[in-house]
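Colleague: I'd like a close look at one part of this model, the main nonpolar core and the helices packed around there. Could you walk me through that part slowly, residue by residue where it helps?

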Amino acid sequence: MEHLHQSFTVQYNYNVFFTSSLFLPENELLNRFLVNLNPAVTVKKILFIIDEGVANAHKDLNTQIKTYFAKYSQTQLVQDILVIPGGEQVKNDTQYFDQVLEAINLHGIDRHSFVAAIGGGAVLDMVGYAATVAHRGIKHIRIPSTVLSQNDSGVGVKNGINYFNKKNFLGTFSLPVAVFNDEVFLSTLSDRDWRSGIAEAIKVALIKDREFFEWLEVNAIALANRDTAAMNYQIWKCAKLHMEHIRSADPFENGSARPLDFGHWSAHKLEYLTNFEVRHGEAVAMGIALDTVYSNLSGRISAEDAQRVIFLIQQLGFELTHPLLKVIEGNSPILQGLEEFREHLGGELTITLLTGLGSGEEVHEIDADILKQAAAILNNQAAIIQH
């Protein structure tokens with residue numbers, strides 16, 4: 001019998017806005033966006049989900065949101081603002097995912113309405129996943145509150161939760177309708193969290209933009225010392241590079257390549273092995289160091305370029321390695337990260353390694369002996385620094 005075939009293209013659009021004090025009544029940015037999106041819809045609601053860490057650091061946030069929507073009443077604010085824990089626990093325990101779905105159901109949030117998440121990357125991932133599966137897709141808005149989420153996950157296309165002790169085992173590819181990066185949320189971050197997110201800037205610079213990497217070298221001390229202007233530029237540049245990649249490459253990962261996950265195969269596993277005591281950005285910095293030294297030992301980049309990367313990581317205040325990254329004979333726990341990366345994309349391992357400062361290539365196998373040597377070099381260098 002004959003078969004039927006059809007194909008179609010879906011256009012995706014979203015904006016990343018950069019602002020300060022998003023919920024000041026004088027700041028019309030959010031209201032203008034909400035009103036202009038589907039203006040023919042007369043009844044729009046917005047449900048806010050807030051990271052508990054953000055709520056604690058910004059005690060007046062709930063009041064500010066309610067005051068804002070009292071002035072801009074074209075969009076109906078759900079007065080019951082849901083506060084949930086931040087960090088990886090919100091993706092590990094499905095009770096928080098269920099809470100968001102219950103709120104969506106209770107308050108009648110439909111496809112013409114919005115779910116807005118304010119928080120770090122874990123909260124954005126989980127809320128985005130809940131919004132995407134409820135009613136087969138509710139518009140979600142991301143308001144990232146950390147350097148890490150403003151740099152990376154907040155502007156990406158992925159949502160998810162952890163399952164079977166595997167990071168992002170359940171998830172979707174779904175774009176937010178908008179991202180609002182508010183610099184005010186960064187002002188209350190600890191030095192550790194401020195620094196942690198810069199790892200994603202190193203990553204995207206190394207695989208996409210040599211000039212940006214060199215800018216990071218020049219501005220490393222300013223960034224480490226919490227220079228606001230330097231951080232704002234760094235966040236804008238990261239968002240630009242991530243969005244260009246999403247537009248031009250394989251945003252929904254139909255193939256095997258994951259260049260934006262450079263340094264991540266070991267980072268994801270290290271997070272789990274340390275019960276998330278090592279922050280994502282900290283683990284990524286160590287993963288970048290490991291894959292950079294491997295790139296040198298395998299003949300892809302010079303020792304000089306590798307040392308420039310290592311020095312930048314150190315200048316920003318990151319650790320170079322962790323005891324659990326040690327590769328030993330037999331079954332090293334970290335090597336399971338390679339197998340999980342392989343499984344995540346259907347069987348073929350695809351890892352990005354550096355061919356220069358600002359360029360990379362995909363490889364489909366990793367030499368365990370070279371990896372062992374790379375881990376040992378970093379361990380020795382870290383030991384020298386400590387002494």
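Modeller: Sure, and let's start with the core itself, keeping in mind that this is a predicted model. The largest nonpolar core has 63 residues, and the ones that touch the most other members are Ile202, Leu206, Ile313, Ile351 and Ile366. Helix 13 is the top contributor to this core, giving nine residues. There's another core apart from it, made of 27 residues, with Ala55, Ile81, Ala116 and Phe185 among them. As a general backdrop, nonpolar side chains in soluble globular proteins tend to be buried together.

Take Ile351 from that list. Not counting neighbours within four places in sequence, isoleucine 351 is in contact with Trp265, Leu338, Phe341, Val363 and Ile366, but also with Asp291, Glu361 and Glu362. Two of those names are worth holding on to: Trp265 belongs to helix 12 and Asp291 to helix 13, and both turn up in the contact between those helices.

So how do helix 12 and helix 13 pack? Helix 12 covers residues 264-273 and helix 13 covers 280-297; their axes are 7 Å apart, at an angle of about 140°. That angle makes the pair oblique, therefore, and the crossing of helix 12 past helix 13 is right-handed. On the helix 12 side, the contact uses His264, Trp265, Ser266, Ala267, His268, Leu270 and Glu271, while helix 13 brings His280, Ala283, Val284, Met286, Gly287, Leu290 and Asp291. Sorted by class, that contact comes to seven nonpolar, five polar and two charged residues.

His264 deserves its own moment. Histidine 264 sits in helix 12, and because its relative accessible area is 2%, it counts as buried. Leaving out residues up to four places away in sequence, histidine 264 touches His280 and Val284, plus Glu200, Lys203 and Phe341. Phe341 is a familiar name here, since isoleucine 351 is in contact with it too. As for His280 and Val284, both are on the helix 13 side of the contact with helix 12.

Glu200 and Lys203 point us to the next pair, as helix 9 spans residues 198-208. The axes of helix 9 and helix 10 (residues 210-224) come within 7 Å and cross at roughly 155°, so helix 9 runs roughly antiparallel to helix 10. This time the crossing is left-handed. Helix 9 puts in Ile198, Ala201, Ile202, Val204, Ala205, Leu206 and Lys208, which meet Arg210, Phe212, Phe213, Leu216 and Leu223 of helix 10. By class, the contact of helix 9 with helix 10 has ten nonpolar residues, two charged and no polar.

That brings us back to where we began. Ile202 and Leu206 are part of the helix 9 contact with helix 10, and both are also among the residues that touch the most other members of the largest nonpolar core. Ile351 is on that list as well, and isoleucine 351 is in contact with Ile366, another residue named there. If you're tracing this on screen, you can go from Ile351 to Trp265, from helix 12 across to helix 13, and from His264 over to Glu200 and Lys203.

Technical notes. Residues numbered from 1 in each chain as written. Predicted model: local features only at pLDDT ≥ 70, side-chain atom pairs only at ≥ 80, totals over all residues. Heavy atoms only, no water. Axes fitted to C-alpha atoms, helices over the stretch in contact; angles between N-to-C directions. Helix = DSSP H or I, 4+ residues; strand = E, 2+ residues; numbered from the N terminus. Parallel < 35°, antiparallel > 145°, perpendicular 65-115°, else oblique. Left-handed = near helix turned anticlockwise from the far one by under 90°. Contact = heavy atoms within 4.5 Å. Nonpolar A, V, L, I, M, F, W, Y, C, P; charged D, E, K, R; others polar. Core = buried A, V, L, I, M, F, W, Y, C linked by side-chain atoms within 4.5 Å. Buried < 20%, exposed > 50% of the residue type's maximum accessible area, 1.4 Å probe, protein only.
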